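Hi,

Here's the structure I promised to pass on. Have a look, and my notes follow underneath.

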Amino acid sequence: ALCYLKLNHYKEAEEDCNTALQLEPANIKAFYRRALAYKGLKCYTSSIEDLKKVLKLDVNVAEAQKELLEVTELLKKEGEGEPLYKISNQDKTRKNIEIEE
């Protein structure tokens, strides 16, 4: 998972961490690395959940505390600006386009 994270292959890193957590459900490194993968995938809520699990298992993980603050800020910024995607297209205005044959 660490190699995938270094290569910015976040989906593969997430899959590796999921496998590790199936084998060892309290693996702190797997939760932490999966949180980083979620951050790279812009799944900030899932990243926050995993970072909280890391800190529940060990409150002294400074990296997890730092990442939690950073990801929380990213989530706030995402909510303040324009949404990255539209859930529905109801607000879309249609353009009239003439098609010539």
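How much area does the chain expose, and what share of it do carbon and sulfur atoms supply? About 8100 Å², with 51% of it from carbon and sulfur (Shrake-Rupley, 1.4 Å probe).

Before the rest, some housekeeping: this is a predicted model, where local features need pLDDT of at least 70, side-chain atom pairs count only at pLDDT 80 or more, and totals for chains, interfaces and linings use all residues. Residues are numbered from 1 along each chain as its sequence is written, and side-chain values use heavy atoms, leaving out hydrogens and water.

The chain has 5 helices and 0 strands (DSSP runs numbered from the N terminus: H or I of at least four residues for helices, E of at least two for strands). Of its 101 residues, 26% are buried (under 20% relative accessible area, 1.4 Å probe, protein chains only).

Now the largest nonpolar core (buried Ala, Val, Leu, Ile, Met, Phe, Trp, Tyr and Cys joined through side-chain atoms within 4.5 Å). There are 14 residues in it, and Tyr32, Leu51, Val54, Ala64, Leu68 and Val71 touch the most other members. H3 (28–40), H4 (44–57) and H5 (62–80) each supply at least two residues, with H4 giving the most, 5. Leaving aside residues up to four places away in sequence, Val54 touches Ile28, Phe31, Tyr32, Val61 and Ala64 (contact: heavy atoms within 4.5 Å).

As for H3, its buried residues include Phe31, Tyr32 and Arg34. Asn27 caps its N-terminal end, a side-chain oxygen lying 3.0 Å from the backbone nitrogen of Lys29. After H3 comes Lys42, with a positive phi near 65°.

Cheers

Methods: Buried < 20%, exposed > 50% of the residue type's maximum accessible area, 1.4 Å probe, protein only. Polar contact = N/O pair within 3.5 Å; in protein donor to acceptor, adjacent residues only side chain to side chain.
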